[in-house]
Structures are given as C-alpha cells and as structure tokens.
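The exercises below ask you to work through packing, strand pairing and ring geometry in a predicted model. Try each task with the structure open before reading its solution.

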Amino acid sequence: MASRLDQIARQRREKLERLRARGIEPYPYDYERTHTTEQAIELLEKQEKKTPARAKVVRIAGRITAIRRMGKSAFADLRDGSGKIQLLFQDIHKFDEDQIQLFNDLDIGDIIGAEGNLLRTKSGEPTVRVGDFTLLAKSLQPLPEKWHGLADVDKRYRQRYLDLIANAETKETFRVRSRVIAAIRQFLNGRGFIEVETPVLQQSAGGALANPFTTHHQALDQEFYLRIALELHLKRLLVGGFDKVYEIGRIFRNEGVSTQHNPEFTMLESYEAYVNYLDVMEMLEEMIAKVSQEVLGTTRVKFGKDTLDFKPPWKRVTLRDAVKEHGGIDFVKYPTADGLRKKMRSLKMEPDPQKNWAKLVDGLLKDSVRPKLIQPTIIYDYPVSMSPLAKTKPGEERVAERFQAVAGGLEIGNAYSELNDPIEQRERFEEQQKDRVGADEERWTIDEDYLLALEYGMPPAGGLGLGIDRLVMVLTNQQSIREVILFPQMREK
C-alpha cells in the first residue's frame, strides 16, 4: 500500500500532466521580476509615507509556503531569497478560467511569479494583491509537514535544501558565514596581502600531521594526495618574492567525524615576511575583533551559556603553564613518553600506550586545557617536537615559537614563526618520519621541492592558519561543525 507521501507525490504528478495537457509549461525558462520580496516591502513603506498613497505594481517570484482560503478569496505566503510577503488572490472566482484552474492546481512548494499592487492588510501584513500570476516550477515532492521548523537532524544535513526552505535561522547562519569570509578578505587585502590559489592535488602530503585522501592521476599514471594543508605552497611564494600572501581554501583529512571535525573543511592560511609569531598574535586578535564587529555589530558573542568577548588583548598563557594549571602536570619535568605516561596514570588518566611524547602532550592540551578555555585565549610556546615547521625560541632549544588561538573551548587558529633554515627543516622532517609509532595513519611525507625552495632562501616570516568553520561556529553559536558546512559528509544510507 502506498504511503501518504507517495500518494501526495502521485497527485502532484497528475496535476503536472493536467497542466501540460492545457498547454501550460510548468518549467518555463525565466521570469522578469521587478522586485525581491524585501524590495517590495521597502517600496510599500515608501509609498505609505506619501500623501495620497499610490499603490505600486510589482512583479515578484518565489516559493509558496502556505495557502489559506477565506471565502471567495485566498491568501498565500511567498518566500524568496530575501524574505517573505503575503499574496492576496481577491475574488478568485473573477479570474479567467485558465487562472482559476491553475490556482486550483497550485501546491505548497510550487514556485510562482505574481504581479499586482502593493497594500497593507488590516492586520498590518505587507501584501501583493495579485492581478496575474504564472507557474515557474511545479514541486513534485511535498515539503516536510512541519516545514516551518524541520527538526530531523539527519534530514537537515542530507537534504540541506529542505533545511534552508524550512529554517530561516539556517539560511541566516550561512549568510553570516559568507559575510565572515568577505570581512576576512577585506581585512587582509587592506593590510597589503594578496589572495592566491595553490594546488589541491599534491605529490606530497605535507604541512600538517594528518591521514590524507589519495587519488590516481591517469594521464601522469601517478598517485596524488588531496592537500592536508595550504602551507608549503604558500611559503614557496615567499621564496618567490611575494611578501604577504593568503589563501582561503578547502583541505581534506581522511580522519574521524565529530562535532568539531569534518573530512573536508575550510582554512585561511596567511604568510607575512619579516614578522614573527608575536606580530601574528596581534594581527589575529585585531582581525577576529574587526570581523565580529563588522558582521555582528559587536565583539561580544553568545556561545552556549557563555558570552565571549573578542576585543583585544586576549588572555595569553604558555602551553606549559596552561597544562600545569588545568591538567596538573609540568610536562617539562617528564621528558620521555614512558615518564609522562606514568605521571598521567598517577592522576587517574588513561594515556594511549602507542602515542609518543609529543602526542601525549597534545592529548593533555586537547582533553585537559582547551575545554576549559572559554574566553578567547592565546596558548603559546610549544615543544619543538610538536612543531616541526616552527622556529626554535632563542635560548630555549626545546621550545618553538608557536601559538594556538582558543575560544569557546575550540581551537580556531594555529601560527608559527616559520622555520626557514633548509638544513634544520630537513632534519625535522626526517625526525618526524622516524617518530611515527606502530600503525599510525598520520603522514608526513618529505616534500623535496619545498626543501629545495628553502635552499634558495625564504625570508623570516610569520604564518597563520585559521579554521573558518570553527570560527563561524563560535560567531553563530553553533555547537556542531555540521551546522556551518552546507553539505557535510554523511554515511550513505
């Protein structure tokens, strides 16, 4: 027996055939509209200020999201990309026969064009009194019954188009995302950076510790990696003479999925010659504050039950002090993996026996420190073994000039004073290769061309990586990364 939804879909296909039988094209090529719904409402407000008010004729188009019959007339809600306006089909029985039949075959979800005068009803609703209308796209599938609040999370992610139709707040989240990216570009362009594009398909998986996706290039008969970072190609451009470069691009890591992780995500990476990580700290603080102010009108942002304030300066704390304060361990006093594991067990922690020292420290940061850092915070000075691309801090051979930015318990940024000594960089890469443990899937392939580029000379520089998705999570008060990615990866049904 067919389900109710199947029956509705069948009825809609029957209407489609009736329309075509009457010579009506249910999917015409275009429609010349004069106003969006937002512009139509603005026009109505202007005409109401004039005396005497003159009704304006507009041509608008959008999706029908409600139909209400009221005696001889009918009302409908029409939504487009800018908002909603009400349609009034007054005395529908007085329309010509073709339009009466067309109206009777309309369904919620259909896209129509409508022409008529602007007015405001007694209840104060901006309205178009329809004089003529046409079908622009027949909807063959019914919208979710509670289209005004689609709550099925799985359906929202798999069929994002329904989520955008149903939930105005979802559409606003992605409008904010777009404005955030535009504001970041404006900020960096204003500081003299130029935006560039680097390869997605790369011969070496470098710039981060991650498990890459691999693909085969048929023409070259060669395996390539989808990039796991933007870094190494951008720094080649510093070698080539660009002093300030950035890229906002997709990167790919063949790893787990969580509320904070998606296999493909968007990163900003910027590199500036002749500065160090302290300069990048100040730039990051200023950039996030300006972006928040421009996009949201404030530097104070609600995230969960907390209010974050991005106004500089942010709190700054060394990684060593942060782990001592929140994890109860001074990891510098335990310089071996076995010693650190023993100390962690004494504090009732359960360290992974397969992880090396650097990954144990990183685990302390992830589990004991970050979740407790709610206000925007800079954690700086990392062990060199955790930072193979960062310069060593003068006078402290085991400490690298590196920082991470945390807000709302999320890591949103990572930055270094960039290592530009080609000999030391090769030694770091080789040490990284030897330090892989057991069946560790994370890759660090040695990019020989990058090392060759360094031998030609790269100026001292500060580099920044900023997670666009996590930043948007914080700025839009979303607790899952899937809420800020239009089409997140999902397991196939």
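**Exercise 1.** Determine how many residues of strand β11 (residues 264-273) are buried, and then establish which strands pair with β11.

*Solution.* Begin with accessibility: 10 of the 10 residues of β11 are buried, so that the strand is mostly covered. Next, sort the side chains by direction: E264, T266, L268, S270 and E272 point one way, while F265, M267, E269, Y271 and A273 point the other way, and all are buried. Then turn to the pairing, where β10 and β11 are joined in the antiparallel sense over 9 bridges, with Y246 standing opposite S270 of β11. Finally, β11 is joined to β19 by 7 bridges, again with the strands running antiparallel, and here E269 stands opposite G465 in β19.

**Exercise 2.** Identify the residues with the most contacts inside the largest nonpolar core, and find which element gives the most to this core.

*Solution.* The largest nonpolar core has 44 residues, and those with the most contacts inside it are I184, L284 and M287. Elements that each supply at least two residues of this core include α6 (168-190), β10 (244-252), α8 (277-296) and β19 (461-467). Of the elements, α8 gives the most, with 9 residues. To see the surroundings of one member, take M287 and set aside its neighbours within four places in sequence: the remaining contacts are I184, F187, L188, L268, L464 and L466. Apart from this core lies another, of 26 residues, among them A40, L78, F103 and L135.

**Exercise 3.** Decide which side of helix α3 is buried by listing its buried residues and considering the arc that they cover.

*Solution.* The buried residues of α3 are Q99, I100, L102 and F103. Because they cover an arc of only 165° around the axis, they are on the same side of α3. As a last step, look for the partners of these buried residues, which pack against α1 (4-21), β1 (57-70), β2 (73-80), β3 and β5.

**Exercise 4.** Classify the ring pairs F89 with F103 and F95 with F133, and state which parts of the chain each pair links.

*Solution.* A pair of aromatic rings is described by the distance of the centres and the angle of the planes. For F89 and F103 the centres are 4.8 Å apart and the planes are at 55°, so this pair is tilted. F89 belongs to strand β3 (residues 83-89) and F103 to helix α3 (residues 97-104), which places the partners 14 residues apart, and both F89 and F103 are buried. For F95 and F133 the values are 6.3 Å centre to centre and 55° between the planes, again a tilted pair. Because F95 lies in the loop between β3 and α3 and F133 in strand β5 (residues 126-137), this pair ties together parts that are 38 residues apart in sequence. F95 counts as buried at 12% relative accessibility, and F133 does so at 4%. Putting the two pairs together, F89, F95, F103 and F133 form one aromatic cluster, while the structure holds 6 aromatic pairs.

**Exercise 5.** Find which rings R398 and R402 lie over.

*Solution.* R398 lies over the face of W357, at 5.6 Å from the ring centre. For R402, the charged end sits over the ring of Y382, 4.6 Å from its centre.

Terms used. Residues numbered from 1 in each chain as written. Predicted model: local features only at pLDDT ≥ 70, side-chain atom pairs only at ≥ 80, totals over all residues. Heavy atoms only, no water. Core = buried A, V, L, I, M, F, W, Y, C linked by side-chain atoms within 4.5 Å. Buried < 20%, exposed > 50% of the residue type's maximum accessible area, 1.4 Å probe, protein only. Helix = DSSP H or I, 4+ residues; strand = E, 2+ residues; numbered from the N terminus. Contact = heavy atoms within 4.5 Å. Phe/Tyr/Trp six-rings, centres within 6.5 Å; stacked < 30°, edge-to-face > 60°. Lys NZ or Arg CZ within 6 Å of the ring centre and 35° of its normal. Arc of directions from axis to C-beta. Pairing = 2+ DSSP bridges.
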